[in-house]
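Hello,

Here is the structure I promised to pass on to you. Please open it first, and then read my notes alongside it.

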Amino acid sequence: MATFFQFLIEQFNHTTALEWLAVLAGFACICLAAKESIWNWPVSIIGVTAYGLLFYREAMYGDMALQVYFLSTAFYGWYFWLTKRVEHQKLIQKLNPKQWIWIFISIPLISLALGWFMDKYTNSTVPYADGFCTAVSFVAQLLLTRKILENWLLWVFVNICYIPLFLYKQLNLSAILYFVLIGIAYKGYLDWKKTYREQVS
């Protein structure tokens, strides 16, 4: 047990300030989003900027590009939630069967395209794993900005996938964060599901 804690302390000591900033902002953002707080968007802007720089340093170019997308959706989501809240509370929605089909088709296609591109044109050591996580995150973020319930299920899934990827890249603090985020994302799903049931009852 003592050896394990020594290992954790050693990993924390090797964690850069940039990763600390990215992790703390990411943690705060997901907690705020789960509570439907509009403040998740400005906090997200800080987190994705930090992670974009971190992923560039680690040659994780798919995830780096994803942060640019996250940045644009953060501004869009902030505006969308703010304007809808002025008019009326934006209702949570659920995916219909056609939208599920679109998701099951688009994620593999985006994953393969990104993986092929990074494998051929970059020095990425994890092109297809990076591409897959990027594709799932891309779709999950799109659903979140539209307040679609199932975004949380995709976040649970992709957070699980990110853990071994981060460990391989020695981003240990991020791996720990994403382990915690699995539970937070699932809690977000349960909370939004309860709200959705109240809307339709």
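Below is what I found, grouped by region.

Before anything else, please keep in mind that this is a predicted model.

**Helix pairs**

Two pairs of helices are a good way into the fold. Helix 2 and helix 3 have axes 8 Å apart and pack at an angle of about 150°. An angle over 145 degrees counts as roughly antiparallel, and helix 2 and helix 3 are therefore roughly antiparallel to each other. The crossing in which helix 2 passes helix 3 is left-handed.

The other pair is helix 6, residues 127-145, with helix 7, residues 151-168; their packing angle is about 155° and their axes lie 9 Å apart. Here too the angle leads to a simple label: helix 6 and helix 7 are roughly antiparallel to each other. Helix 6 passes helix 7 in a left-handed crossing.

**The nonpolar patch and helix 5**

Where is the nonpolar patch on the surface? It is formed by Leu-112, Trp-116, Phe-117, Tyr-121 and Tyr-128, which together have about 580 Å² of accessible area. Helix 5, running over residues 97-121, gives the most to this patch, with four residues. Tyr-121 has its place in helix 5, and its relative accessibility of 52% makes it count as exposed, because the cut-off for that class is over 50%.

Two more residues of helix 5 are worth a look. Gly-115 is placed in helix 5 and, at 0% relative accessibility, counts as buried. The C-alpha atoms of Gly-115 and Asp-130 are separated by 7.1 Å, with their positions 15 residues apart along the chain. Lys-98 also lies in helix 5, but its relative accessibility is 72%, so Lys-98 counts as exposed. From Lys-98 to Ile-176 the C-alpha distance is 35 Å, and the two are 78 residues apart in sequence.

**Salt bridges**

How many salt bridges are there? The count comes to two. As background, side chains of opposite charge can pair when their charged atoms come close.

One of the salt bridges joins Arg-57 and Glu-58, whose closest N and O atoms are 3.2 Å apart. Arg-57 counts as partly exposed, at 43% relative accessibility. Glu-58 has a relative accessibility of 18% and so counts as buried, the limit being under 20%.

The other salt bridge brings together the side chains of Lys-187 and Asp-191, at 2.9 Å from N to O. Why are Lys-187 and Asp-191 separated by about one helical turn? Because they are four residues apart in helix 8, which covers residues 172-200. Lys-187 is partly exposed at 45% relative accessibility, and Asp-191 is partly exposed as well, with a relative accessible area of 28%.

**Loops**

A few loop residues may interest you when you check backbone angles. Ala-59 has a positive phi, near 60°, although it is a residue other than glycine. Ala-59 sits in the loop between helix 3 and helix 4, the latter spanning 61-87. Is Ala-59 buried or exposed? With a relative accessible area of 12%, Ala-59 is buried.

Gln-170 is another residue other than glycine with a positive phi near 60°. Gln-170 is found in the loop between helix 7 and helix 8. Its relative accessibility is 63%, so Gln-170 counts as exposed.

Finally, Glu-36 is in the loop that runs between helix 2 (17-34) and helix 3 (40-57). At 17% relative accessibility, Glu-36 counts as buried. Glu-36 and Val-126 are 90 residues apart along the chain, and their C-alpha atoms are separated by 34 Å.

**Where to start**

If you would like a route through the model, begin with the patch that includes Trp-116 and Phe-117. Then turn to the salt bridge between Lys-187 and Asp-191, and end with the positive phi of Ala-59 and of Gln-170.

Happy browsing, and best wishes

Key: Residues are numbered from 1 along each chain as its sequence is written. This is a predicted model: local features need pLDDT of at least 70, side-chain atom pairs count only at pLDDT 80 or more; totals for chains, interfaces and linings use all residues. Side-chain values use heavy atoms; hydrogens and water are left out. Patches are made of residues with over 30% relative accessible area and no salt bridge: like charges are joined within 9 Å, nonpolar side chains (Val, Leu, Ile, Met, Phe, Trp, Tyr) within 5 Å. Accessible areas come from the Shrake-Rupley method with a 1.4 Å probe; for residues, only the protein chains shown count as cover. A salt bridge is a side-chain nitrogen of Lys or Arg within 4 Å of a carboxyl oxygen of Asp or Glu. Buried means under 20% relative accessible area, exposed over 50%, partly exposed in between (1.4 Å probe, protein chains only). Axes are lines fitted to C-alpha atoms, for helices over the stretch in contact, and angles run from 0 to 180 degrees between N-to-C directions. Angles under 35 degrees count as roughly parallel, over 145 as roughly antiparallel, 65 to 115 as roughly perpendicular and the rest as oblique. A crossing is left-handed if the near helix is turned anticlockwise from the far one by less than a right angle, and right-handed if clockwise.
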